[in-house]
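User: Could you go through this model with me? I would like to know the reasoning behind each label.

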Amino acid sequence: MTFRASILTLYPDMFPGSLGKSLAGRALERGDWAYETVPIRDFGEGKHANVDDTPAGGGAGMVLRADVLGQVIDAASPSQDTRPRLLMSPRGKPLTQTRVREFATGEGVVIVCGRFEGVDQRVIDARNLEEVSIGDYILSGGEVAATVLLDAIIRLLPGVMGNEMSGTHESFENDLLEHPHYTRPAVWEGHEIPEVLTSGNHKKIAEWQRKQSEALTKARRPDLIAKRRTTLDKD
Ligand code: SAH
């Protein structure tokens, strides 16, 4: 099954962008995923194809119009479309690997890329848009955020990652950061690879990696350790 992404944007030229390269690019060529861009400008009002207007109540910037976006969403995703309708937004729930996995098991996603100050609230409510944030900082538009979301999803689609195992040990799977990696040369600027990794003892190696993972997570992301405890308590 091909995972289908519809991207509603004022800047269709920004796609596929980095999604046309490397792992995601090869997956696109194989047909593991497909995308269409739906240019918001094509649905603009009047001879100037207006898509935005000043905020009601005053204030800086412009707001994407509900009537224009409503039409774009309906064209890209008619009511029988079962794909989730997303709005990239700093007000959304922060994206997690768990949510990415859920998206990757579905048929696809419809993504609205915001611009300016944001989107008229009425269209968010009426079209049931799920707001998704990629982190606590402000981007100039939703396109880069949509690229981040799609990149994270695509690498999890069946057949996309060569080594199937390499998805399961990674940071955030099990709420742990990944252990450090090493490769040749054996000695670099006087620094050696930790001895255990060249010992050939797989049990010891696994144990070392798990300990490293736990120590790193404790030092850098105590929030993940706390989350893990609550999950373990629940089980
Ligand atoms: N005034 C808004 C920010 C608008 S930024 C606010 O304060 O909440 C313009 C657009 O960029 C947004 O509509 C959204 O689509 C996108 N964007 C900005 N930061 C983002 C983030 N952290 N995650 C996802 N999308 C983001």
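Analyst: What follows takes the ligand site, then the strands, then some backbone details. This is a predicted model, in which local features need pLDDT of at least 70, side-chain atom pairs count only at pLDDT 80 or more, and totals for chains, interfaces and linings use all residues. Residues are numbered from 1 along each chain as its sequence is written, and side-chain values use heavy atoms, with hydrogens and water left out.

User: What makes Met 88 and Tyr 137 neighbours of the ligand?

Analyst: A residue is near a molecule if one of its heavy atoms lies within 4 Å of it. There are 19 residues around the ligand, and Met 88, Gly 114, Glu 117, Gly 135 and Tyr 137 come nearest. By class, this shell has nine nonpolar, eight polar and two charged residues. Here Ala, Val, Leu, Ile, Met, Phe, Trp, Tyr, Cys and Pro count as nonpolar, Asp, Glu, Lys and Arg as charged, and the others, Gly among them, as polar.

User: Why is the pair between Tyr 137 and the ligand called a polar contact?

Analyst: The term asks for a pair of N or O atoms within 3.5 Å; within protein, one must be able to donate a hydrogen and the other to accept it, and residues adjacent in sequence count only if both atoms are side-chain atoms. A backbone N or O atom of Tyr 137 lies 2.9 Å from a nitrogen atom of the ligand, so the pair qualifies. A polar backbone atom of Leu 139 is 3.0 Å from a nitrogen atom of the ligand. For Gly 142, a backbone N or O atom lies 3.5 Å from an oxygen atom of the ligand. The protein covers 85% of the 560 Å² of accessible area that the ligand has on its own (Shrake-Rupley method, 1.4 Å probe; for residues, only the protein chains shown count as cover).

User: Which elements give two or more residues to the shell around the ligand?

Analyst: They are β5 (85-94), β8 (130-133) and α5 (142-154), and β5 gives the most, with three residues. Helices (H or I, at least four residues) and strands (E, at least two) are DSSP runs, numbered from the N terminus.

User: How do you know that β5 pairs with β6 and with β8?

Analyst: Two strands pair if DSSP finds at least two bridges between them. Four bridges join β5 to the parallel strand β6 (residues 108-113), and Met 88 has Cys 113 as its bridge partner there. With β8, β5 pairs in the parallel sense over five bridges; Lys 93 is partnered by Val 132.

User: Why are β3 and β7 called edge strands?

Analyst: The open sheet has three strands in the order β3-β4-β7, with mixed pairing. β3 (52-53) and β7 (118-119) each have a single partner strand, so one side of each is left without a neighbour in the sheet. β3 and β4 (residues 63-64) pair in the antiparallel sense over two bridges, with Asp 52 opposite Leu 64.

User: Where are the cis peptide bonds?

Analyst: One runs from Phe 15 to Pro 16, with omega near 5°, and Pro 16 is in the loop between β1 (3-9) and α1 (22-30). Another runs from Arg 184 to Pro 185, with omega near 0°.
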